[in-house]
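I opened a fresh page for this model. My notes follow in the order in which I looked things up.

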Amino acid sequence: MLLVGMAVAVMMFVRGQDWSVLATEMRSRPPGSFALLVGLALLANAVAVLAALLAWWSMLSAVNADVAPAAEGGGLTAVGAARIFFVGQFAKYMPGKVFGFVLSVKMGRAMGIPAARTATAWLLTLVIGLLTAASAGLVAGPQVLGGSEAWLAAASAVPLAVILLRPQLVNEAATLVARLRRRPPPAITLPGRVIRRNVVIQMLSWLFGGIQLWCLAIALGAPPARSLPLCVGAFALGAAAGVFAVFTPDGLGVREVILLSALGAVLPLPAAGVVAVISRLVVAVSELITAGLGLAVTEVLRRRAGSPAAPVQAARSRDKIRPSSGQLGSRPLHRQLLTTEKTNSEEQ
């Protein structure tokens, strides 16, 4: 149902798009060049998704470092964290942001993770993602605003430097965001090393997401050198703005408006619109394929991890019910006990 809903939403979104620009560009280029760049865009976005997975696993394990695993849940594992993340990749295509959050908390609780800890990891990951996206977005300033490239590049480094030097500001920002969203404050304060690690990983995710957009932009004639920082910043800003678009699946339409505005600095507006729409399709396909493969791999690993324990547990259960056949033979239990008592009395 999620795939069908997303497909319908995308079809409605691209229905009125003018594709004549794409047809013209494809006629003027070698046939395989456009397909190659689209393939590289898919790969780059898949790397961005895996980087986001690494950030989520790092955050979730950090906030649960002092939590004893529940007996029925088994505690947090890398496979369990990956399953929560990949299911969330499907859930974010549902309208509203609450569905993915509730689903993550429910899956974490099934693994023995307290709901407050999963909510804290989710909130802190969101805050770091927004802060790093805002910092990366400043890189697009030289092309969009026409200002000094050196000045804006230095400005983009300021928020990162502040976070890396004072990582506890992220904990304070998470408390503020929780109040704005009317949710409980974080259940734990993260150490600085965890925050710094997640900041770096999130920046790598934005970088590869921007490379995805860059591949599509140069496929339609954008200058490679000028458009790279523009695409990285525009993609980060568009994704961050999509987070606040509560009633659209994955910020559908909001991200494209920002990409269109930014890409207009290096491409004609019709070509920029085509790039924004193709980027939406590439991101959706890449995320859904990556999530599908990830869930399949984690399911195989989960079954392999659980399969050796099942026969052992079953054998222990049988041992509790009846004695071993090697000791008392294969006859019914009550006859074996009678035979044993008779033998003992005769020996006495």
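**Entry 1: after H10**

Which residue just after H10 takes a positive phi? I looked, and Gly 221 does, at about 105°. This is a predicted model, so I am reading predicted coordinates throughout.

I then checked the length of H10. Its 28 residues should span 40 Å at 1.5 Å a residue. The end C-alpha atoms are 41 Å apart, which agrees.

**Entry 2: overall content and confidence**

I counted elements next. The protein has 16 helices and 0 strands. Of its 348 residues, 43% count as buried. I also looked at contacts between residues at least 6 apart in sequence: 77% of them join residues at least 24 apart.

How high is the mean pLDDT of the protein? I read 78, with 71% of the residues reaching 70 or more. Among the elements, H10 has the highest mean pLDDT, 93. Helix H15, residues 325-328, has the lowest, 38. Over residues 308-334 the pLDDT is below 50. Beyond near neighbours in sequence, that stretch has 8 contacts in the model. Where pLDDT is low, predicted coordinates should not be read in detail. I left that stretch alone.

**Entry 3: aromatic pairs**

How many aromatic pairs does the model have? I get 3. One of them is Phe 85 with Phe 86, an edge-to-face pair. The centres are 5.6 Å apart, and the angle between the planes is 70°. Both Phe 85 and Phe 86 are buried.

I also looked at Trp 206 and Phe 235. Their ring centres are 6.5 Å apart and their planes stand at 65°, so this pair is edge-to-face. Planes over 60 degrees apart get that label. The pair links distant parts of the chain, since Trp 206 is in H10 (residues 192-219) and Phe 235 is in helix H11 (residues 224-244), 29 residues apart. Are these two rings on buried or exposed residues? Trp 206 counts as buried because its relative accessibility is 13%, under the 20% cut-off. Phe 235 is buried too, at 6%.

**Entry 4: helix H5**

I went to H5, residues 98-110, and checked its length. Its 13 residues should span 18 Å at 1.5 Å a residue, and the end C-alpha atoms are 18 Å apart, which agrees.

Which residues of H5 are buried? I list Gly 100, Phe 101, Ser 104, Val 105, Met 107 and Gly 108. Seen down the axis, these fall within an arc of 165°, so they line one face of the helix. That buried set packs against helix H4 (78-91) and helix H6 (115-137). The face turned away from the buried side carries the exposed residues Lys 106, Arg 109 and Ala 110. After H5 I found Gly 112, with a positive phi near 90°.

**Entry 5: helix H12**

I asked the face question again for H12, residues 254-263. Its buried residues are Arg 255, Glu 256, Leu 259, Ala 262 and Leu 263. They cover an arc of only 130° around the axis, so they sit on the same side of H12. I noted that a charged pair of names, Arg 255 and Glu 256, is in the buried list. Val 257 and Ser 261 are exposed, on the face turned away from the buried side.

**Entry 6: Asn 171**

I picked out Asn 171 in helix H9, residues 168-180. Its relative accessibility is 10%, so Asn 171 counts as buried. What lies 3.3 Å from a polar atom of its side chain? I found the backbone oxygen of Leu 190 there. Leaving aside neighbours within four places in sequence, Asn 171 is in contact with Leu 124, Thr 189, Leu 190 and Ile 195.

**Entry 7: two valines**

Val 300 is in helix H13, residues 269-306. It counts as partly exposed because its relative accessibility is 42%. I paired Val 300 with Val 79: they are 221 residues apart in sequence and 10.0 Å apart in space, C-alpha to C-alpha.

Val 243 lies in H11. It is partly exposed, with a relative accessible area of 26%. How far is its C-alpha atom from that of Lys 92? I read 9.7 Å, for residues 151 apart along the chain.

Technical notes
Residues are numbered from 1 along each chain as its sequence is written. This is a predicted model: local features need pLDDT of at least 70, side-chain atom pairs count only at pLDDT 80 or more; totals for chains, interfaces and linings use all residues. Side-chain values use heavy atoms; hydrogens and water are left out. Rings of Phe, Tyr and Trp (its six-membered ring) pair if their centres lie within 6.5 Å; planes under 30 degrees apart count as stacked, over 60 as edge-to-face and the rest as tilted. Buried means under 20% relative accessible area, exposed over 50%, partly exposed in between (1.4 Å probe, protein chains only). Helices (H or I, at least four residues) and strands (E, at least two) are DSSP runs, numbered from the N terminus. The expected span of a helix is 1.5 Å times one less than its number of residues. The arc is that of the directions from the helix axis to the C-beta atoms. Contact means heavy atoms within 4.5 Å. pLDDT is the predictor's confidence in each residue, from 0 to 100. A polar contact is a pair of N or O atoms within 3.5 Å; within protein, one must be able to donate a hydrogen and the other to accept it, and residues adjacent in sequence count only if both atoms are side-chain atoms.
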